[in-house]
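Please open the model in your viewer, with the sequence panel alongside, and follow the stops below in order. Each stop says what to select and then what is to be found there.

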Amino acid sequence: MAECHPVGFQWVVEAKARGAKVFHIDPRFTRTSAIADRHLPIRAGSDIVLLGALINHVLANELDFREYVLAYTNASAIISEDFGDTEDLDGLFSGFDPETRAYDPSSWAYEGGEGGEGGEGGEGRVEEAGAGGEHGEHLEGGARHAEVAGAEQYGSGGAAAPSRPPTDPTLRHPRCVYQILRRHFARYTPETVAELCGISRESFAELAEAITANSGRERTTAWAYAVGWTQHTVGAQYIRTASILQLLLGNIGRPGGGIMALRGHASIQGSTDIPTLFNLLPGYLPMPHAHRHEGLDDYLAKAGADTGFWGRKRCYMVSLLKAWWGDAATEENDFRFEHLPRLTGDHGHFTTVMGQIDGTVKGYFVVGENPAVGSSGGRAQRLGLANLDWLVVRDLTLVETATFWKDGPELETGETRTEDIATEVFFLPAASHVEKEGTFTNTQRLLQWREKALEPPGDCRSDLSFYYHLGKRIRRRMTDDEIDRPVRELTWDYPEEGEHAEPSARAVLREINGTGPDGRALSAYTELRPDGSTRCGCWIYCGVYADEVNQAARRRPGSEQSRVAPEWGWAWPANRRLLYNRASADPEGRPWSERKAYVWWDPDKGVKGEWTGLDVPDFERDKPPGYLPPEGALAEAALAGTDPFIMQPDGKGWLFAPAGLADGPLPAHYEPHESPVRNTLYGQRANPARRTYRRPESPYNPPGSPRFPYVLTTYRLTEHHTAGSMSRPLAYLAELQPALFCEVSTALAAELGLVNGGWATIVTSRSAIEARVLVTGRVRPLRLQGRTIHQIGLPYHWGWGSGGLVTGDAVNDLMPLVLDPNVYIQESKAMTCDLRPGRRPTGRALLDLIEEYRDG
């Protein structure tokens with residue numbers, strides 16, 4: 001966090017100065033470790049073992065915050081007798097189909113309920129790249145569809161489930177969630193932590209004691225993570241494991257608790273809220289599927305629960321359709337729902353790259369990205385680019401994606417020739433963040449408005465301007481044909497400003513905020529209506545333009561310290577700074593303790609009492625703690641006054657997920673796709689539902705192969721930014737970090753004859769790169785399963801071009817193409833490699849070296 005998120009890390013430093021104890025769990029000793037009270041070196045890819053052992057420690061010693069757990073989680077819910085856990089099935093959950101490599105989640109349902117395909121949980125569908133080999137390994141050859149748990153199709157509301165399942169408040173029923181958790185995590189012990197993570201029993205005991213002593217009524221513990229937890233084949237389950245631990249300890253929805261996802265850029269959060277993702281609409285509404293969602297009613301019936309605040313999904317969706325198609329969207333024509341594009345399977349980044357290579361994807365827009373060096377499987381990325389008809393690149397500099405055809409590594413090895421690459425590349429210069437106005441949405445959901453500092457030079461334009469004027473040009477080419485109707489009817493009428501007719505960013509933000517029947521800006525998403533009388537471009541942002549004021553532009557110093565309606569930016573939703581903060585009070589609405597008082601019920605406030613405190617309540621302000629929903633109630637009316645998790649169908653925090661995940665209702669430790677270590681917990685080695693691409697352009701290292709004995713992990717540096725195109729051309733930053741390097745331990749350096757400052761070659765079956773050697777104590781050997789495991793660290797900021805003052809090989813060329821099955825993120829934080837002293841060969845000799853390793 002100190003290295004990659006230094007602005008946010010200042011608050012950790014302040015907390016430590018006030019007595020907080022800080023643990024840093026990471027394969028490397030970093031700037032964060034230097035400030036932390038304790039650094040725990042861990043093998044990359046083994047975090048579920050550590051977190052699972054902490055859960056086991058809490059359950060075995062009855063250290064859970066029992067009142068919180070009983071009231072606010074589904075611990076007492078009873079699960080179907082058809083459910084089979086990993087300890088019974090040697091690493092698989094019930095419902096796994098070895099042919100499709102996918103789960104049918106129906107057996108994970110609550111007792112008496114239905115789940116999965118055809119049940120209340122709806123259905124999910126993913127497109128596989130073929131099937132064969134070990135569980136989860138999909139061979140090339142004929143795409144197929146499989147009905148699975150379908151995490152992506154539910155949006156932010158999650159999967160539906162019975163809102164009132166049968167329960168056992170004593171937590172003794174053998175099939176209640178609490179007892180299932182106890183059995184499931186019983187094998188996650190301090191001994192397995194030492195065996196698989198490399199963390200000693202003494203260090204584990206210190207961590208376990210610290211987090212449990214600092215949780216409960218009077219205290220809370222927080223976790224912060226970044227891509228070290230997400231870029232894995234079990235990335236979604238990493239965060240699930242931490243969530244289970246935090247729910248058991250009563251650390252969700254309370255000040256000083258929670259789990260903070262540290263985003264890598266200022267507006268990565270914004271790019272998922274107003275999504276650049278293929279399977280989501282704004283506000284985490286799921287994208288409709290072809291044929292399965294023929295009409296709006298059918299879509300809404302399958303898009304998550306009808307209880308909880310997700311039960312208002314018709315309001316959110318209809319208001320979005322009205323924002324996009326205006327007066328053309330009416331109740332009679334389903335508010336132009338048919339104009340939306342449809343999913344036919346996996347349209348994610350890596351499947352698109354495979355389509356480029358296969359010739360089914362002909363054109364490609366790359367905006368502010370640099371996949372030629374910045375995405376996993378760099379060689380496959382560039383082979384895809386070389387097979388396009390056209391490529392549009394918008395960036396500040398000529399990034400490697402724009403120049404691959406004349407200076408890429410494949411030209412050096414003779415795999416491609418410039419004269420044979422027919423891709424027509426259009427480079428369009430972009431405005432930088434100081435040359436345009438608009439909002440950033442930061443990691444804590446905070447929208448902050450930025451003013452334009454100066455006009456962009458020459459032909460540089462903002463993304464907003466580019467897409468707006470591209471849209472105008474496309475609309476001018478539209479005909480009266482029915483196929484052109486969706487574009488013709490779009491509301492595309494923003495005010496234009498300045499010499500270059502820049503569309504007004506404030507007008508766009510106001511449209512995203514939404515307007516009511518009178519045309520004035522709405523103040524809250526609860527004002528959205530299902531009848532078409534309101535318009536809103538993103539329901540979670542409704543209120544950012546309340547009272548016709550750009551709330552994101554507020555900067556009243558000191559207001560954030562009071563935590564009472566702070567006027568520094570605006571946090572979605574409703575300027576709420578802590579989600580699910582109803583959980584900061586006990587079931588009767590009283591603070592769990594005065595020390596941790598945050599939001600509470602005041603019976604003397606308002607007409608009949610209301611929720612008040614130090615934040616905007618994440619609850620209906622006038623719903624009393626004693627409220628019980630009537631039979632058949634929908635939306636928020638279906639949640640009791642003691643149900644704080646208002647986006648869940650039952651208002652509870654799910655320790656066990658009865659639907660909604662593609663790889664199991666509980667986390668389980670699986671080894672990375674490439675690992676030198678056996679999975680001693682289960683016979684199932686790796687995530688059975690993981691997404692793989694068995695392609696000659698990007699082969700895999702065999703697991704446990706002696707040719708690839710080392711663990712490789714990647715990271716970023718404070719001095720450089722992503723693939724380096726914004727930082728390597730800057731003299732001061734280039735001087736601070738002048739070369740790509742690999743971090744190795746003193747023991748490994750001595751074993752291989754590596755010299756500090758010298759050269760090393762890092763090899764996988766995909767590629768071989770060279771880097772300077774940094775011999776350091778920051779990466780320590782780990783003793784696992786009776787042998788020493790060495791880890792190698794590589795920053796990924798280098799490439800051969802981008803006008804960089806410093807250049808180097810692309811680290812992502814080493815990465816495999818293997819994905820988490822829930823969110824399709826690549827596994828780039830844990831893989832295997834070999835390490836050799838000296839520089840890599842060049843030309844044909846480089847290909848011969850890689851081929852030698854593949855054959856071996």
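**Stop one: a loop with a cis peptide bond**

Begin at P573, which sits in the loop that runs between β18 (570-571) and β19 (599-602). The structure is a predicted model, and this applies to every stop of the tour. Display the backbone from W572 to P573, where the peptide bond is cis and omega is near -10 degrees. As background for this stop and the next, most residues other than glycine have a negative phi, and most peptide bonds are trans.

**Stop two: two residues with positive phi**

Select R336, in the loop between α13 (313-325) and α14 (349-358). Although R336 is not a glycine, its phi is positive, at about 65 degrees. Is R336 buried or exposed? With a relative accessibility of 13%, R336 counts as buried, because the cut-off for that class is under 20%.

Move next to A501, which belongs to the loop between β16 (496-497) and β17 (502-503). A501 is not a glycine either, and has a positive phi of about 55 degrees. Its relative accessible area is 18%, and A501 is therefore buried, given the cut-off of under 20%.

**Stop three: H184 and its surroundings**

Select H184, a residue of helix α6 (residues 177-185). The relative accessible area of H184 is 0%, so this residue is buried. Which side chains make polar contacts with that of H184? One such contact, of 3.0 Å, joins H184 to D85, and another, of 3.3 Å, joins H184 to T86. If you expand the selection to the residues that H184 touches, leaving out those up to four places away in sequence, you will find D85, T86, E87, F93, L666, P667, A668 and Y682.

**Stop four: the largest nonpolar core**

From H184, turn to L181, one of the residues with the most contacts inside the largest nonpolar core, a set of 78 residues. The others named with L181 in this respect are L54, Y68, L245 and L248. The elements that give two or more residues to this core are α3 (47-60), α4 (66-72), α6, α7 (190-197), α8 (201-213), β7 (223-225), α10 (235-248) and β26 (782-784). Among these, α3 gives the most, with 9 residues. Displaying the neighbours of L181 beyond four places in sequence brings up L59, I244, L248, L655 and L666.

**Stop five: α3 against α10**

Keep α3 and α10 on screen and hide the rest. Two packed helices are described by the angle between their axes and the distance between the axes. Here the axes come within 9 Å and cross at roughly 20 degrees. The two helices, α3 and α10, are therefore roughly parallel to each other, and their crossing is left-handed. To see the contact itself, show D47, I48, L51, G52, L54, I55, V58 and L59 on the α3 side, together with Q237, Y238, T241, A242, I244, L245 and L248 on the α10 side.

**Stop six: V318 in a second core**

Now select V318, in helix α13. V318 is included in a second, separate nonpolar core of 56 residues, which also includes W449, Y545 and I646. The relative accessible area of V318 is 0%, so V318 is buried. Not counting residues up to four places away in sequence, V318 touches L296, F335, R529, P530 and G532. For a sense of scale, draw a line from the C-alpha of V318 to that of S698: the two residues are 43 Å apart in space and 380 residues apart in sequence.

**Stop seven: α14, α16 and α17**

Go on to α14 and to helix α16 (residues 378-385), which pack at an angle of about 50 degrees with their axes 7 Å apart. That angle makes α14 oblique to α16, and the crossing is left-handed. Where do the two helices meet? On α14 the residues to show are H349, F350, V353, M354, Q356 and I357, and on α16 they are A380, Q381, L383, G384 and L385.

Finish with helix α17 (residues 400-407), in which E400, T401, A402, T403 and F404 are buried. The buried residues of α17 pack against α16 from the previous selection, and also against β11 (363-367), α15 (371-374), β12 (390-395), α18 (409-413) and β13 (424-429).

Note on methods:
Residues are numbered from 1 along each chain as its sequence is written. This is a predicted model: local features need pLDDT of at least 70, side-chain atom pairs count only at pLDDT 80 or more; totals for chains, interfaces and linings use all residues. Side-chain values use heavy atoms; hydrogens and water are left out. Helices (H or I, at least four residues) and strands (E, at least two) are DSSP runs, numbered from the N terminus. Buried means under 20% relative accessible area, exposed over 50%, partly exposed in between (1.4 Å probe, protein chains only). A polar contact is a pair of N or O atoms within 3.5 Å; within protein, one must be able to donate a hydrogen and the other to accept it, and residues adjacent in sequence count only if both atoms are side-chain atoms. Contact means heavy atoms within 4.5 Å. A nonpolar core is a set of buried Ala, Val, Leu, Ile, Met, Phe, Trp, Tyr and Cys residues joined through side-chain atoms within 4.5 Å. Axes are lines fitted to C-alpha atoms, for helices over the stretch in contact, and angles run from 0 to 180 degrees between N-to-C directions. Angles under 35 degrees count as roughly parallel, over 145 as roughly antiparallel, 65 to 115 as roughly perpendicular and the rest as oblique. A crossing is left-handed if the near helix is turned anticlockwise from the far one by less than a right angle, and right-handed if clockwise.
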